[in-house]
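I opened this one at the bench to see what I could look up chain by chain. My notes follow, in the order I made them.

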Amino acid sequence: MNAIRAVGRLWLVPVTLVAWEIATRVAEQPFFPPPSATLVRMGEMWLSGPPSRLLLTEQAMSDFGPSLARLFAGWALAAVIGVAAGVAIGCSTRLSDYLDPLIHLGRAVPPPLLVPFFLALLKLGTPAQLATIVFGIIWPILVNTIDGARTVDRQHLETARIFGFSTVQRLTRVIVPAAMPKIFAGLRLALSLALILLIVAEIFAGSGGLGYRLLSAQRTYLYADMWGCLVVLGLLGYLLNSAFLLLERRVLAWHRNARQTT
Amino acid sequence: MLEITDLVHSYGSHRVLDGVSIRAAEGELVCVVGPSGCGKSTLLRSVAGLIRPTGGRVLIDGRPVERIPDNLAVVFQDYSRSLYPWMTAANNVALPLRRRGLDRRRRREAAMAALDQVGLADAAEKYPWEMSGGMQQRVSIARALAYRPSLLLMDEPFGSVDAQTREDLEDLVLRVCAHHGMTTLLITHDIDESVYVGDRVIVLTRSPTRVAADLPVDLGRSRDQIATRQLGAFVRLRAEVGRLVRGGSPTPTVLEKH
Amino acid sequence: MEHARVLRGVAGVAGFLAAAEIVGATGLIDDRFLPRMSAILRGAAELLADQEFLADARATLAAWGLGLLLTVAVAVPAGLALGALPPVERAVRPLIEFLRPIPSVAVVPLAILLFSDNLHLRVAVVVYAASWPIVINTIYALRDVDPLAKETLRSFGFGPMSVLLRVALPSAAPFIATGIRVAAGTAIILVISAELLAGGAEGVGIYIMEAASGNRMDLMLGATLWAGLFGVLSNSALVAVERRLFRWHDARAGVAR
C-alpha cells in the first residue's frame, strides 16, 4: 500500500528524469550531459574505492571531508555564540536597546561580501572560511534567539519566580526551552546559509572541497563532473535539511503537540 | 497568619484596589469573590509579591512581603501557561523542590507522592499536552502541594475546566487543604463555588475595590456536592453573596442566623 | 519610552565605534591588516564621491531590482497556479522538495556556461534562487484561506475564478508579501555571490575584490558598511509597505521568515 502511495506521490520524478535523459541525448548539447552520464561520472569520481572504505575513493574523502568539517564546525560555533549571546540580549531590554541597531546592520550585510574580506584578513585557508561562515550565519540564530527569549510567556516566568528558581534554573529550564522553537528556526536558516557561504568561500579561495571541484570541473570542460557536483550538493542540502527536521521534530515534540491541543 | 491591611494599587491614574483589608487565620480557606474586573488578580499578585502595591501592607506570619516569600505557592487559572510543556508532569512537580534542598531521589519521591494525592500517580511521565484540562490543573495543584507552602494562593483555579471537572477539583482542594492544614486564599468569580469551598467568603465591590462583606460559612468542614448545596444555610448564604456581588448592601438577618 | 530606546541605540552605535577606534589606537592590531574605525568611516565617506563605486553600486542594484521584479512576475503566478490546483501541486511537490534545498550558489557555474552577458547571468541566478520563498509562501497562503469565506462567495453564485481573485488572492497577499521580502534578501546574496564567482566588469562584489587586491581594507569595509545600511533601509521600506497595505491583517507570523 505504502509503495503504491509513494509511486502515486513521486511519479513526476522518474518522468522528469527520463524526459531529461531523452532531451539531452537528442540535443547533444555539451553543457547538458544526459543524467546517466552524470551518474556514471559520479560513480567513477566518488564511489569506486575499496569496499573497506564503503567504496569511497580518495577523491571523495578529499572533496567531502574538509567541506563537511568546515561546515559543521562553523555552524556549531555560530550556534553556540549566537544562542548564548541571544539569550543574554533577549533577557535584558536595556542591553537589546543598546545593541539593536548594530544587530540590524550586521544581519543586513550580504554575507558573501565578507568572503574577500576575511580572505584578505586571515589569508587563504580554513580560518578565513570558518570566520566567513560564522560571521555570515550567526545573525539569523542571534535574532531568533533574542526574539524567543524576549517573548517567553509571562506566566512561565512568574511561575519560576513564585517557586524561587535560581538564575541558572530559570535560564536552562524555562527561558531556553521556551525559546527553543525559534532557536531551531534560526539554526535551520543558518544551516542552509552556511552551505551557500561554504561553496562561495571554496570556489573563491580555490583551496579544495566540493565548491572548488565544481568550479574546476566547469573551467576544464568536464561538464558531467560539474553536474555531478551539482547533484551531490543538492543531495547534501537535502540530507542536511531532512536530518535537521528530524532532530527538530524530536527535540520540539512538546511544541508541536502543545500547539495542536490548545 | 495572613494580614492584608489597607491595600491600595493603581495602574497610572486608574485606582484598582482602594483600601482592601483581609485576614486569614492559620489553616483557614478564605474565598475572595467579586464582580469581574474588580482587581481580584491584582490583589493576589500583590500578596504573592509579583507586583509591589501602591500602598498598604501585606504580612505573612507577621513578616511584610517584600520579595516573593518562599513559603507560598500559586495555582493559576491558565494551567496551560503555568505548567511547562517541555517537561513531564513529574518533572514539573519536582523542579521547584530544588529550592527545598532535596536531592534528586527525594525530589522524585515527593513529586510522586503529591501526584498520588491528586490521583495522577499513573500520569507522572505524561506531558501536560497529553492530558485533559482537569488533569493539568491537578498537576498544577500537586506542584503546589509538593512545595509544602504555608500559604496557598489560587487564582480562579477552576475557571477553565468543565462543570463536572470543576466539582471534582473543588472537592480535591477541600480535601488536600484540610489534610495539610494550609492557609488558602482562593480567588473566584463564581458565587456558588465561594460558598461551597470557603470557610469564609470575602466579597469585593466593583472597582475601585473595597471589601463589601466578610461572611463566615457555617457549613462544617465536610461538604458534599449534592447535600451541602441543598442545605438552607448554603442557599441563604449564596443568595446573600450574590446580592453583595451585584452591589447590594448586607442583610443583617442572614448573618444573625449563624 | 520610545525616546529612551532611540537614545540607547545611538549610544550603542557610538560606543561600538569608540571601542573599535580605541582598540585600533592601542596598536594591538596592525592597522595595515584591520584599519582603524576612523579610517573605515573616512573610506565609506570617500566612496560617496567615488564614481567607480557608484557605478558598481548601480550595477548591483540594477541586477537586484530587475531580478526581483522578474522573480515576482514568475513566482507569484506559479505559486497561485500550484496553490489553486492541488493535484498539480501534489505531483510537483517532490521536485520542489528536492530542488529547494540545493544551495543556490551552486548553480552559478552552470549559469556562467549559459549566459555570456553578466547582467543576464545575475538575473537568472536571482530568479532561480529567490523564487522558492515566494512560491512556497503563496502555496501555503492559498491553502490557508478560510473555506467559509470562499463558500460564502460561491453561495452567491460566483465562479471559481472570481473566488480566486476576490477572496483567495486578498487573504493570501500578506503572506506573498512576506515571501517577497525574504526573496529580496536572498536576491542580494545571490547577486553578490554571482559577481564574486563569475567576475565581470561592474558590481559591488567586483569593487570589493579590486579593493582587496589593492589592499585597501578601508574601502572594502566602507563598501560593506554601505551594503549593510542599504539592506537595513530596503528591508524597513518593505516592512513599512507591508504594514500599510495589510493593516487589516492582524500581525500573524509569516509562513517563512
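How far apart do the C-alpha centres of domain 1 of chain B and domain 2 of chain B lie? I got 27 Å for the two centres. A reminder to myself before going on: this is a predicted model.

**Entry 1: the domains of chain B**

I looked up the bounds next. Domain 1 of chain B is written in two pieces, 1-71 and 179-258, while domain 2 covers 74-148. I then checked where they meet: 10 residues of domain 1 of chain B are in contact with 8 residues of domain 2 of chain B.

**Entry 2: helix 5 of chain B**

I picked helix 5 of chain B, residues 133-146, for a length check. With 14 residues at 1.5 Å a residue, helix 5 should span 20 Å, and its end C-alpha atoms are indeed 20 Å apart, so the two agree. Is this helix mostly covered or mostly open? I found it mostly covered, with 13 of the 14 residues of helix 5 of chain B buried. A note for anyone drawing a helical wheel: an α-helix has 3.6 residues a turn, so residues three or four places apart point the same way. After helix 5 of chain B comes R148(B), and I wrote down a positive phi near 50 degrees for that residue.

**Entry 3: two more positive phi values**

Most residues other than glycine have a negative phi. That made me look for others that break the habit.

D6(B) is one: it is not a glycine, yet its phi is positive at about 50 degrees. I placed D6(B) in strand 1 of chain B, residues 2-11. With a relative accessible area of 46%, D6(B) counts as partly exposed.

E28(A) is another non-glycine with a positive phi of about 50 degrees. Which part of chain A holds E28(A)? I found E28(A) in the loop between helix 2 (12-27) and helix 3 (35-46) of chain A. The relative accessible area of E28(A) is 67%, so I logged E28(A) as exposed.

**Entry 4: Y11(B)**

I went back to strand 1 of chain B for Y11(B). This tyrosine is partly exposed, at 43% relative accessible area. What does Y11(B) touch, leaving out residues up to four places away in sequence? I listed V16(B), T42(B) and I51(B). I also took a C-alpha distance from Y11(B) to T54(B): 8.9 Å, for two residues 43 apart along the chain.

**Entry 5: helix 1 of chain C**

Helix 1 of chain C runs over residues 2-25, which is 24 residues. I computed 35 Å from its first C-alpha to its last, close to the 34 Å expected at 1.5 Å a residue. Which residues of helix 1 of chain C are buried? I found G9(C), G12(C) and G24(C). Part of their cover comes from another chain, since what covers the buried residues of helix 1 of chain C includes helix 5 (93-108) of chain A. Just after helix 1 of chain C, I noted G27(C) with a positive phi of about 80 degrees.

**Entry 6: who touches whom**

I turned to the chain pairs. There are 2 pairs of chains in contact, and chains A and C share the most contacts. Chain B and chain C have no contact, and their closest C-alpha atoms lie 15 Å apart.

**Entry 7: chains A and C, whole-chain values**

I put the totals for these two chains in a table.

| Looked up | Chain A | Chain C |
|---|---|---|
| Helices and strands | 12 helices, 0 strands | 10 helices, 0 strands |
| Rough C-alpha box along the principal axes | 70 × 55 × 40 Å | 75 × 55 × 30 Å |
| Buried residues | 48% of 262 | 42% of 257 |
| Accessible surface | about 12,500 Å² | about 13,000 Å² |
| Carbon and sulfur part of that surface | 69% | 67% |
| Charged side chains | 22 positive, 13 negative | 21 positive, 20 negative |
| Distance between the centres of the two charge sets | 8 Å | 10 Å |

I looked up contact range last. Counting contacts with a separation of 6 or more, residues 24 or more positions apart account for 66% in chain A and for 76% in chain C.

Note on methods: Residues numbered from 1 in each chain as written. Chains lettered and ligands numbered in written order. Heavy atoms only, no water. Helix = DSSP H or I, 4+ residues; strand = E, 2+ residues; numbered from the N terminus. Buried < 20%, exposed > 50% of the residue type's maximum accessible area, 1.4 Å probe, protein only. Contact = heavy atoms within 4.5 Å. Areas by Shrake-Rupley, 256 points an atom, 1.4 Å probe, with all protein chains shown as cover. Lys, Arg positive; Asp, Glu negative; His and termini not counted. Charge placed at Lys NZ, Arg CZ, Asp CG, Glu CD. Expected span 1.5 Å × (residues − 1). Domains from an automatic or database assignment.
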